[in-house]
Amino acid sequence: MIDTLIIGGGVAGLGAAAHLSPSHQVVVLEREEVLGYHASGRSAAMFEQDYGPPAIKALSRASRTFFEAPGEGRETYLSPRGLMLVGRADQRAAFDADLAELDLQEIPINDALARVPILNREVVAFAALHDTATDIDTDRLMGDWTKDLRRQGGQTVLRQEVMTISRTDKGWRVETRDTQYEARQIVNAAGAWADIIAETAGVTPIGLQPKRRSIAQLPAPEGRDVANWPMLMGVGEAWYAKPQAGKLLVSPADADPLPPQDAWADDMVLAEGLARYEEMVTTPVTRLETSWAGLRSFAPDGVPVIGEDPDHPGFWWYAGQGGYGFQSAPASARLLRDLMTGQRPEIAPHIIDALDPARLR
C-alpha cells in the first residue's frame with residue numbers, strides 16, 4: 001500500500017509528485033512511453049502572469065518567485081521574451097480591451113518595427129508591448145521535478161494504461177494492463193483523460209472538455225535572427241507567433257473541441273491561422289517545416305479543478321488547467337500539497353473556493 005498514486009505524467013502530475021514526495025510515498029502512472037507526451041510536451045511555454053481568468057492569474061503570480069529563483073542551486077527557469085500585440089485600424093475597440101486584460105502598454109509603430117522588422121506597417125495600425133512576459137524552460141522544469149520525486153524515493157512508471165479503479169477498505173485499487181496498485185489516495189492528473197479516469201473510479205465527471213491547439217513551425221523569415229523578437233499576438237488572440245530555437249512557431253490559436261486523443265493539426269485550421277499571421281507581416285509563408293497539435297482541457301467555467309472530490313474522499317482532482325498549466329504549475333502543486341497535508345495554503349480562500357471541484361456538483 002502506497003500513500004499517493006498520481007495518474008498522469010505531465011507537468012501537473014510531476015509537480016504534484018515532487019511536492020508530495022517529501023511527506024508521501026508517491027508513484028506516478030503514465031500511459032505513454034515518455035513523460036509529458038501530450039499537452040505538456042506541446043506547449044508554447046510562455047509565462048505571462050496577466051493571462052487567464054482571475055484564479056489563473058493568482059496562481060501564476062504566486063508561481064513567479066519559484067520560476068525566478070527555484071533554489072537548490074538551480075538557475076531560473078525564465079528567459080526574456082516579451083509579448084507584443086498588433087492590430088488593424090478596424091480593431092481599435094478589441095485592441096483596447098486586450099490592453100486592459102493583458103496589462104499591455106501601447107507603443108509607436110516605429111518601435112514595434114524596430115523590434116520585429118517584418119511587420120507590415122500598411123496593415124498594422126496599433127501595437128502594444130509587455131516586456132515582462134518570458135519563456136519557460138519546460139523540459140528542465142519537468143526534469144527537475146522528476147529528479148526531486150526520485151530522490152525522495154518516489155517512482156514514475158511508464159506504459160501504464162489504467163483499466164479499473166475500485167474502492168477498498170483502506171483506499172483504492174488501480175489495475176493497469178499488467179500491474180495492480182493499492183493506494184490510500186489518488187490524484188487525478190490525467191489531463192484530457194481526467195473525466196474518463198473519474199468514471200473508471202465511479203466518480204462523477206466534472207464536464208471536462210479537451211480543445212485542440214495547433215502549431216506550425218516555420219523557418220526564420222528571410223533567414224533573420226529571431227532570437228530577440230517578442231512573441232506576437234493578434235487582437236483577440238486570433239493567432240500568435242513565437243520564436244523558438246531559431247525558428248518561428250505560428251498558431252491559429254484554435255480551440256476546437258475534441259474527445260481525448262493523440263491530437264494532430266488540421267491543415268485547414270492551420271492555413272486559416274497562417275493567413276491571419278501573413279496579413280500582418282511582409283514575408284509570406286512559403287514552407288512549413290513541421291506541425292503538431294495538443295489538447296488543452298477546460299472545466300465548464302474555464303477554471304482549473306484542484307481539490308478533493310466532495311463525494312469520494314481520497315480522490316483528488318488536479319485537472320482542467322487549459323492553456324495555463326505551466327505558468328501556474330508551481331503554485332498549483334503547492335496548493336494541492338497543502339490541501340492534501342492539512343497545511344495552510346498561501347492562496348487566498350476565495351481563489352481556493354473558485355478551484356474547488358465542489359463548485360461543479
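The paragraphs below lead through a predicted model, starting from a residue in a small group of strands and moving on to salt bridges and a second group of strands.

A convenient place to enter the structure is Ile136, which belongs to strand E8, a run covering residues 134-136. With a relative accessibility of 5%, Ile136 falls under the 20% limit and therefore counts as buried. Leaving aside residues up to four places away in sequence, the residues that Ile136 touches are Ala45, Met46, Phe47, Phe67, Tyr77, Leu78, Phe326 and Gln327. As a point of orientation across the model, the C-alpha atoms of Ile136 and Asp195 lie 28 Å apart in space, while 59 residues separate the two in sequence.

The strand that holds Ile136 is part of an open sheet of 3 strands, arranged in the order E3-E8-E4 with antiparallel pairing. Strand E3 (46-47) and strand E4 (78-80) are the edge strands, each of them pairing on one side only. Between E3 and E8 the antiparallel pairing runs over 2 bridges, and Met46 has Asp135 of E8 as its bridge partner. Met46 thus appears twice in this account, since Met46 is also among the residues that Ile136 touches.

From the sheet one can turn to the charged side chains, for which a search of the whole structure finds 31 salt bridges. One of these joins the side chains of Arg184 and Asp3, with an N to O distance of 3.1 Å. Because Arg184 lies in strand E12 (residues 180-188) and Asp3 in strand E1 (residues 2-7), this pair ties together parts that are 181 residues apart in sequence. Arg184 is partly exposed at a relative accessible area of 44%, and Asp3 is likewise partly exposed, at 22%.

A further salt bridge is formed by Asp50 and Arg61, whose closest N and O atoms are 2.6 Å apart. Here Asp50 sits in the loop between E3 and helix H2 (54-68), whereas Arg61 belongs to helix H2 itself, 11 residues apart in sequence. The two partners differ in their surroundings, for Asp50 is buried with a relative accessible area of 8%, while Arg61, at 44% relative accessibility, counts as partly exposed.

Arg140 and Asp137 make another such pair, with their closest N and O atoms 3.3 Å apart. Arg140 is partly exposed at 25% relative accessibility, and Asp137 is partly exposed with a relative accessible area of 33%. Elsewhere, salt bridges that share partners join Glu72, Arg74, Asp144, Asp148 and Arg151 into one network.

The last stop is strand E20 (residues 315-319), where 5 of the 5 residues are buried, so that the strand is largely enclosed by the rest of the structure. Phe315, Trp317 and Ala319 point one way from E20, and Trp316 and Tyr318 point the other way, all of them being buried. Strand E12, which also holds Arg184, runs parallel to E20 and is joined to that strand by 3 bridges; within this pairing, Ile186 has Phe315 as its bridge partner. Strand E19 (residues 305-308) instead runs antiparallel to E20, joined by 4 bridges, and Glu308 stands opposite Trp316. E19 and E20 form a hairpin with 6 residues between them, and in the turn Gly314 has a positive phi of about 90 degrees.

Methods
Residues numbered from 1 in each chain as written. Predicted model: local features only at pLDDT ≥ 70, side-chain atom pairs only at ≥ 80, totals over all residues. Heavy atoms only, no water. Buried < 20%, exposed > 50% of the residue type's maximum accessible area, 1.4 Å probe, protein only. Contact = heavy atoms within 4.5 Å. Pairing = 2+ DSSP bridges. Salt bridge = Lys/Arg side-chain N within 4 Å of Asp/Glu carboxyl O.
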